[in-house]
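User: I would like a close look at a single part of this model, with the residues named wherever possible. Please take the helix packing before the pocket.

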Amino acid sequence: MFLCRKLTEIDKMFGKLSEVLQTAADVLAPPPTALQDFDYHYRLVKNFYIADKTLPKIHINDTNIPSHLDQMLQILIREEQRLEAPGKTDTNATLDASSSISERSPKPYPAPPMAECMEFVLSNRPLDVLIEFAVSDTPPGARYIVLNWVRRFLSCLNCPPLGHASIFQPVQRLVEICNGTYASPYEREEILFLETVAGLVRKDSILVNLFLKSHHHSAQMLANWKGLGVNKAPVNNPLFVSTKIEYDTRRISLVAEEDSEGPSTNEAVRADPMRIDSTIAAGDSESCDCDEEDHFSLFDAIVSYLDSADSTIVVRACEGVLILASLPTLQQSCKAIRNTISRFATMMAGRLAANCQQIPEDMDTGDIEDANVTWGLFPRDPEQPHYIGRYQLTAFLCWLDYCDCLLKESALLVPELGPRIRDEMLINYIEPALVGCYAPFMLVLTAKIIKKTQSKALLDEIANWLIGEDELMDVNNCLLTILIENAHENTDILLPTLQFVESLLDNPHEKILHGMLFFYINNRGYYDGNSQTIQSWSDEEDNRERRRGSADDPIKSRTLAPSNILRVINHFLLLLPRQIINDAGGICYEEYMQDANRHYQTWIKKTHGFSWPVEAIWPSSGESSPLVGTAVEPVAMSASTGTGLMTVVPLAPVKQSKKHRIKYSTDSQSSIDLQTCGDSGISEESFYEGPLLKLLFSHVKQMNTQPYELNLAVIAILSKLALFPHPYLHEILLNPEIPVAAGATTLWSVMQFLARQLLSEIPRVEGFQEKIKETGRRLLSNPPLYHRDGENGESTAGPSDATSGLPVEEEDEINDPLFESIVVLEEFCKELAAIAFVKYHHAKE
């Protein structure tokens, strides 16, 4: 114990002695300042390879250089934090001094601390030494260390002085050696560095000029950083006159320019440096003197990594390109930027078309429908099931999603990338396949493309491709009309065509909807204006009743909110007789109302901004919605009133030309009682509802002989059409009481025809009521067995082909299209009634 106490006392004595010695040492030799410490580490890095020439053979990780570089960066970070902290304290002290009026004696404020280490960096240019190591990659691994250090230097500092010549010139050299065209072991470090620089350019878009060679003269505006400037040449010393090359000397003009009244731009800049940003930003587009070979070096460097074999590198490169392409200050008048954007758009359009062509045509179309990928998920998930064409389809959808994102975020790419995608992918590859032997596959793929399109620019290009980009477009012979009419004759492409049409409805475009639907029905040729039976809420009596009503009528659209809404709902709910209704199963009418309300609000948002009318009126009247306050007098339709359509939907005037493909209106489906004409619905004698409505109506009539899957596809499209807040479409689909013109067909007329067919055939089957109940329970729980064979669109609409390849007797007992159509029609009537009721309430709000 005694010995332990003695040792403790000796330790305390030595501890006090060490403190005394340390105090004396601090007095005689105080600790180094931050600048001295920074200079010490920099000299060790700079002079490490000068002493011994054999040392560069040693890998840089086996030396102390990385630790010295880390110490230099930490010193700069601490200095910046130290400079920011006193600023906040001084601000608080100023507020306290202003609040206390009694203390009026001024106190001298201490001088603000100096950024000595950063000034050392700006004056001694240590980055030049590091960049020399990176360019030659000597010692081995130096490029890896330098890339990481410069990236951390630019990202860890809150205000990195990238605009200073001693900083941006080394950064420019480092950007030039970053090239993803050739495989490099430092790909990850290079793309992270480039993305960091792109982020700084995004914060201060004027830094774009640093990476445009012909704009380097404008970099002088950023030569100051917190009061620290580069060394300037003496003003009046003739030895340094040649080093000051003004921007105006770069231009050669044979016309004498008039002297400006005020001071020159350079003099104004020197007098007021704060005017530099606005002066350069405003004059870039006018004073750009880029050559045809100039380019945006930072942008091109990032683009070169899009071909990397590492998917994570590709995602990083995509992010960097998106950051730079979405800069609002990029001037298309600059030749360097225009050249870079043009080359990039050509490359992306060619890549997208090449990836589309690599998708195998024999792959399962169900895999195309189920694929769900985005451009940010380039890494392939190994746990996903493998199928034919999975890699090619995933790559195509990823690049499609990325191009769509570019067009949505970058206005500069819209006129360059959009038309190239339409020409190289849609016109040159997809269009020939749509009308060729691979039409079913290509219809499904095109539907997937349309569903994934979110940008208005790409959707506009798809609309121009399907309908035509001329103002007087020929709707009767456009590609969309050809595709839909092909499904009339070829049942093999019927389901893919319906899927393609449904994608156009899910992602609506006003021009496409006009060419597909409203071009044919906006003349209201389905309505019998000479009928003596007044049954419509849009007829003359209803217009007179509206004029007698109050001016504060809350109803926004009498077409969508009729006064006889209860009769309309009862028409649908009571279409089928009680003896053939499935009482045991089915979905409640109120449940359909909840779904219809949610879906209708979605369609209102999707179609917001479309130039659609509010009321169903006669085009010849030239009047708009009656709610505007003008009287609407229905006038009988004449052949000379075709120009009234432009008042309703100002997209394209109706062309008074005959329909060339008359064969589609008189094809082999002679058993279907559909009277159509061949002149786009302009004739007084007959009404042509268009290829889409004609296709849908014809298959509603045949529901009792069609497969269950086809019936579901038909009513799904009709339900979405009924949800559109368009008065003419509402009349032809959801108004059972309008007087129908001779030869015209409405949804209610074909549903009545189908109901009569079912009522005449079903009672002949023994025990039909039990079979209806059993079919209803089965359809609500499991789909029919033969639908598995029809997933690829191989099932047809004919009754003999629906059960091909299966035992006829067993399949007829399990899946009878006659009883399935009863269940489908009953549920469809409930859904239409719910939609009509929901639209009624929304029109009154």
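How near do the axes of helix α26 and helix α29 come, and at what angle do they cross?

Analyst: This is a predicted model, and what follows should be read with that in mind. The axes of helix α26, which covers residues 691-701, and helix α29, which covers residues 747-761, come within 8 Å and cross at roughly 20°. Because angles under 35 degrees count as roughly parallel, α26 is therefore described as roughly parallel to α29. The crossing in which α26 passes α29 is right-handed. On the α26 side, the residues in contact are Phe697, Val700 and Lys701, and they meet Leu747, Val750, Met751, Phe753 and Leu754 of α29. Sorted by class, this contact of α26 with α29 holds seven nonpolar residues and one charged residue, with no polar ones.

Turning to the pocket, the second largest one holds about 450 Å³ of space. Its lining is made up of 22 residues, and those that lie nearest the centre of the pocket are Tyr592, Ile715, Ala716, Ser719 and Glu831. Four helices, α24 (589-606), α27 (708-723), α30 (768-781) and α32 (817-844), each supply at least two residues of this lining, and the largest share, seven residues, comes from α27. By class, the lining of the second largest pocket comprises 15 nonpolar residues, two polar residues and five charged residues.

Key:
Residues are numbered from 1 along each chain as its sequence is written. This is a predicted model: local features need pLDDT of at least 70, side-chain atom pairs count only at pLDDT 80 or more; totals for chains, interfaces and linings use all residues. Side-chain values use heavy atoms; hydrogens and water are left out. Axes are lines fitted to C-alpha atoms, for helices over the stretch in contact, and angles run from 0 to 180 degrees between N-to-C directions. Angles under 35 degrees count as roughly parallel, over 145 as roughly antiparallel, 65 to 115 as roughly perpendicular and the rest as oblique. A crossing is left-handed if the near helix is turned anticlockwise from the far one by less than a right angle, and right-handed if clockwise. Contact means heavy atoms within 4.5 Å. Ala, Val, Leu, Ile, Met, Phe, Trp, Tyr, Cys and Pro count as nonpolar, Asp, Glu, Lys and Arg as charged, and the others, Gly among them, as polar. On a 1 Å grid over the protein atoms alone, a cavity is a set of points where a 1.4 Å probe fits but cannot get out, and a pocket is an open set with protein on both sides within 12 Å along at least five of seven lines; lining residues have an atom within 4 Å of a point. Grid points are joined across faces, edges and corners, and a volume is the space filled by probe spheres set on the points.
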